[in-house]
Amino acid sequence: IWDWRHEAIDPDTGAVVSSNQVTVGVVLADLPAAPQPGDTITRQGVVYRLSDPPQEDGQGGAVLFMHRE
């Protein structure tokens with residue numbers, strides 16, 4: 001499931017920047033291997049890179065936090 005989560009980032013400047021981060025919800029059993037930071041997904045010709053370790057939900061699913069290449 002593709003989603004865009006709101007993310008507030010406070011860089012060292014003290015300014016708050018609002019942004020959206022692409023997330024993908026997956027069922028881990030549906031994947032050939034466990035997702036790792038640096039893995040990519042291409043959707044509609046756009047490449048996204050997994051930026052952080054997957055956030056597992058304890059029920060066999062996970063949220064992947066992606067950054068557009």
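**Exercise 1. The overall layout**

How many helices and how many strands does the chain have?

*Solution.* Remember first that this is a predicted model. Step one: count the elements. There are zero helices and six strands. Step two: read them in order. Starting at the N terminus, the elements run β-β-β-β-β-β. Step three: look at burial. The chain has 69 residues, and 22% of them count as buried.

**Exercise 2. The core**

Find the residues of the largest nonpolar core, and name the strands that each supply at least two of them.

*Solution.* Step one: list the members. The core has nine residues. They are Val22, Val24, Val26, Val46, Tyr48, Leu50, Ala62, Leu64 and Met66. Step two: place them on strands. β2 (17-27), β4 (46-50) and β6 (61-68) each give at least two residues to this core.

**Exercise 3. Two faces of β4**

Which side chains of β4 are buried, and which are not?

*Solution.* Step one: walk along the strand. The side chains alternate between two faces. Step two: sort them. Val46, Tyr48 and Leu50 point to one face and are buried. Val47 and Arg49 point to the other face and are not buried. Step three: check against the core. Val46, Tyr48 and Leu50 are also on the core list.

**Exercise 4. The neighbours of β4**

Work out how β4 pairs with β3 and with β6.

*Solution.* Step one: take β3, residues 40-43. It pairs with β4 in the antiparallel sense, over four bridges. Step two: look at the link. β3 and β4 form a hairpin, with two residues between them. Gln44 sits in this turn and has a positive phi of about 50°. Step three: take β6. β4 and β6 also pair in the antiparallel sense, over three bridges. Step four: follow Tyr48. Its bridge partner in β3 is Ile41. In β6, Tyr48 stands opposite Arg68.

**Exercise 5. A salt bridge**

Which two side chains meet in a salt bridge, and which parts of the chain does the pair tie together?

*Solution.* Step one: search the whole structure. One salt bridge turns up. Step two: name the partners. The side chains of Arg49 and Glu69 meet, at 3.0 Å from N to O. Step three: locate them. Arg49 lies in β4 and Glu69 in the segment after β6, so the pair ties together parts that are 20 residues apart in sequence. Step four: judge exposure. Arg49 has 33% relative accessibility, so Arg49 counts as partly exposed. Glu69 has 55%, so Glu69 counts as exposed. The cut-off for exposed is over 50%.

Definitions and conventions: Residues numbered from 1 in each chain as written. Predicted model: local features only at pLDDT ≥ 70, side-chain atom pairs only at ≥ 80, totals over all residues. Heavy atoms only, no water. Core = buried A, V, L, I, M, F, W, Y, C linked by side-chain atoms within 4.5 Å. Buried < 20%, exposed > 50% of the residue type's maximum accessible area, 1.4 Å probe, protein only. Pairing = 2+ DSSP bridges. Salt bridge = Lys/Arg side-chain N within 4 Å of Asp/Glu carboxyl O.
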